[in-house]
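The following paragraphs offer a guided reading of a protein model. Please keep the sequence and the coordinates at hand while following the text.

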Amino acid sequence: MDKKLVAIVGAGISGLLACKYCLSKGFNPVVFELESDIGGVWKKTIKTTRLQSPKLVFQFSDFPWPPSVTDDFPTQQQILDYIRSYATHFDLIRHIKFNSRVKGIRYDGPSSDNWREPFPPEGKWNVTVDDTQTATTQVYTVDFVILCLGRFKDVPNVPDFPAGKGPEVFRGQAIHSMDYAAMDNNTAEEFVKGKRVIVVGFGKTGLDIARECSSINGPNHPCTIVYRRDHWKVPDWSVWGIPLPLLYLNRFSQLMVHKPGEGFLLSLVATLLSPLGWGVSKLVETYIKKKIPIAKFDMVPKESFSKDARSSVICYIPDADEFFDAVEKGSIKLKKTPTFSFYDKGVMIEDDDTRIEADIVIFATGFKGVEKLGDIFESSTYRMLITGSPRVPLYRECIHPRIPQLAIIGFSESISNIHTSEMRCKWVVALLEGAFKLPSVNEMQKDIARWDEYMKQSTGEHHYRSSVCTLEIWYNDQLCKDMGMNPLRKNGLLANLFEPFLPTDYA
């Protein structure tokens with residue numbers, strides 16, 4: 001087959017994987033990266049950031065962690081070194097154009113309005129790229145585009161406030177966590193030193209920032225976390241001596257839950273086993289409540305552990321005792337509220353009129369990933385196909401049935417994003433080489449609707465995250481079947497049923 005020219009946007013983990021698998025099948029990839037180095041979201045993080053999942057599940061299938069990394073939850077620098085080693089080992093760097101901003105992509109080809117079959121062979125993508133060092137612009141014409149933009153960087157999400165109640169009335173500084181993470185470690189420390197800091201948001205980033213502030217300032221200048229609701233915080237990845245992957249990452253555990261596209265038999269099994277699934281969730285919740293004092297500090301979530309896991313909103317707390325010790329001593333204060341506003345000296349909690357004085361407010365409120373993804377399309381039609389619904393509607397979480405010769409990798413979530421991205425890159429490249437054919441546009445849209453309905457029912461307001469967290473094996477089964485791979489990756493029935501499925505099983 002022709003040596004297709006493939007444009008890959010982004011040199012984070014997904015972009016590197018896409019490049020590696022394109023090369024493995026003889027395609028000609030060119031990677032456009034805005035920054036001067038690889039790594040994506042891992043290139044610059046908060047000083048104390050560690051991996052959220054154990055390295056056993058967060059690894060490339062054919063490139064193990066080096067023996068020198070002994071911690072189960074590596075540091076940001078160790079993760080970045082691992083990513084760079086992968087890129088070097090597979091000779092990917094020479095295919096990357098750094099300091100390259102993709103201004104837009106435009107498709108020249110037949111309209112998709114009346115397609116019955118997807119991805120017609122006619123048509124090319126024109127990729128407009130600015131070189132940020134030379135201030136020059138070049139248009140690349142390519143056969144296929146893989147967008148690996150990531151949803152956790154670049155376009156900050158800051159809540160909207162009524163006029164006169166937003167950051168504009170605050171006499172201190174209000175920034176996003178992205179700006180804080182962009183500072184070098186010494187600058188970040190000086191920025192918060194001796195300051196009263198409010199962190200808005202209690203996810204992983206908010207937790208890390210609050211811990212840094214408390215370690216620098218102590219109780220004399222406490223850091224206050226303002227957040228809407230609690231989600232389950234995990235002190236370690238073993239429950240009563242049972243590793244969490246044994247409870248949630250084996251095929252038997254996924255028989256306990258309903259799945260999109262399941263037949264009558266699997267639906268019946270899921271219904272019959274659902275009480276056992278409820279019991280597993282309660283087992284984990286009981287352990288967490290005994291292990292860390294979330295009840296004492298009114299941090300017990302309203303949702304079950306299993307629902308938070310399905311929604312990809314659980315959060316690992318390294319050295320949990322140190323965090324709760326900081327809360328006990330007053331270095332970190334917690335304030336839960338559905339709404340708040342600014343006043344000149346800080347933040348006002350509207351449901352009880354509490355005023356919290358501050359010098360700095362840091363929004364750890366995530367990113368507008370969908371907006372960033374949509375903006376890369378010059379066509380308003382394609383932009384609306386991406387942004388027109390709360391959840392980006394992708395078949396196999398990779399392609400839109402009506403956007404030709406294009407894939408999106410790394411935009412939905414799982415317990416191991418690196419592994420999920422690798423499986424999707426394998427699938428996309430297999431599609432490119434003709435190893436399988438896509439269903440009709442209508443059939444793909446029906447499948448997307450089934451997954452959309454599942455995510456709405458299982459994760460509620462978080463369905464926009466497109467999480468496959470507790471259905472990862474079922475999801476990978478679909479990809480394997482498409483590619484002609486055996487989805488049963490273990491030797492023997494019992495192993496396939498009860499052992500955790502890890503990235504190395506799919507090498």
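Which backbone oxygen lies 3.0 Å from a polar atom of the side chain of Gln59? In this predicted model, the oxygen in question belongs to Leu56. Gln59 itself is placed in the loop between strand E2 (28-32) and helix H2. Its relative accessibility is 9%, and Gln59 therefore counts as buried, the cut-off for that class being under 20%. Neighbours within four places in sequence aside, the contacts of Gln59 are Pro64, Trp65, Tyr82, Ile418, Glu422, Pro503 and Thr504.

One of these contacts, Tyr82, leads to H2, where Tyr82 is among the buried residues. Helix H2 spans residues 76-89, 14 residues in total, and extends 20 Å from its first C-alpha to its last, close to the 20 Å expected at 1.5 Å a residue. Besides Tyr82, the buried residues of H2 are Gln76, Ile79, Leu80, Ile83, Tyr86 and Ala87. Viewed down the helix axis, the buried residues of H2 fall within an arc of 160 degrees, so they line one face of the helix. Their packing partners are helix H1 (13-24) and helix H13 (417-432). On the face turned away from this buried side, H2 carries the exposed residues Thr88 and His89. Just after the helix, Asp91 adopts a positive phi of about 55 degrees.

A second loop position may be set beside Gln59. Thr132 is located in the loop between strand E5 (124-131) and strand E6 (136-142). Is Thr132 buried or partly exposed? Its relative accessibility is 40%, which means that Thr132 counts as partly exposed. Residues up to four places away in sequence not being counted, Thr132 touches Leu34, Asn99 and Arg101. Between Thr132 and Phe98 the separation is 34 residues in sequence and 9.0 Å in space, taken from C-alpha to C-alpha.

The last region to consider is a sheet. Three strands form an open sheet in the order E16-E17-E18, and their pairing is antiparallel. Strand E16 (340-343) and strand E18 (354-357) occupy the edges; each has a single partner strand, so one side of each is left without a neighbour in the sheet. On average, and with direction ignored, neighbouring strands of this sheet are turned by 30 degrees against each other. The antiparallel pairing of E16 with strand E17 (residues 346-349) runs over 4 bridges. Within the sheet, Phe342 stands opposite Val347 in E17.

Terms used: Residues numbered from 1 in each chain as written. Predicted model: local features only at pLDDT ≥ 70, side-chain atom pairs only at ≥ 80, totals over all residues. Heavy atoms only, no water. Helix = DSSP H or I, 4+ residues; strand = E, 2+ residues; numbered from the N terminus. Expected span 1.5 Å × (residues − 1). Buried < 20%, exposed > 50% of the residue type's maximum accessible area, 1.4 Å probe, protein only. Arc of directions from axis to C-beta. Contact = heavy atoms within 4.5 Å. Pairing = 2+ DSSP bridges. Axes fitted to C-alpha atoms, helices over the stretch in contact; angles between N-to-C directions. Polar contact = N/O pair within 3.5 Å; in protein donor to acceptor, adjacent residues only side chain to side chain.
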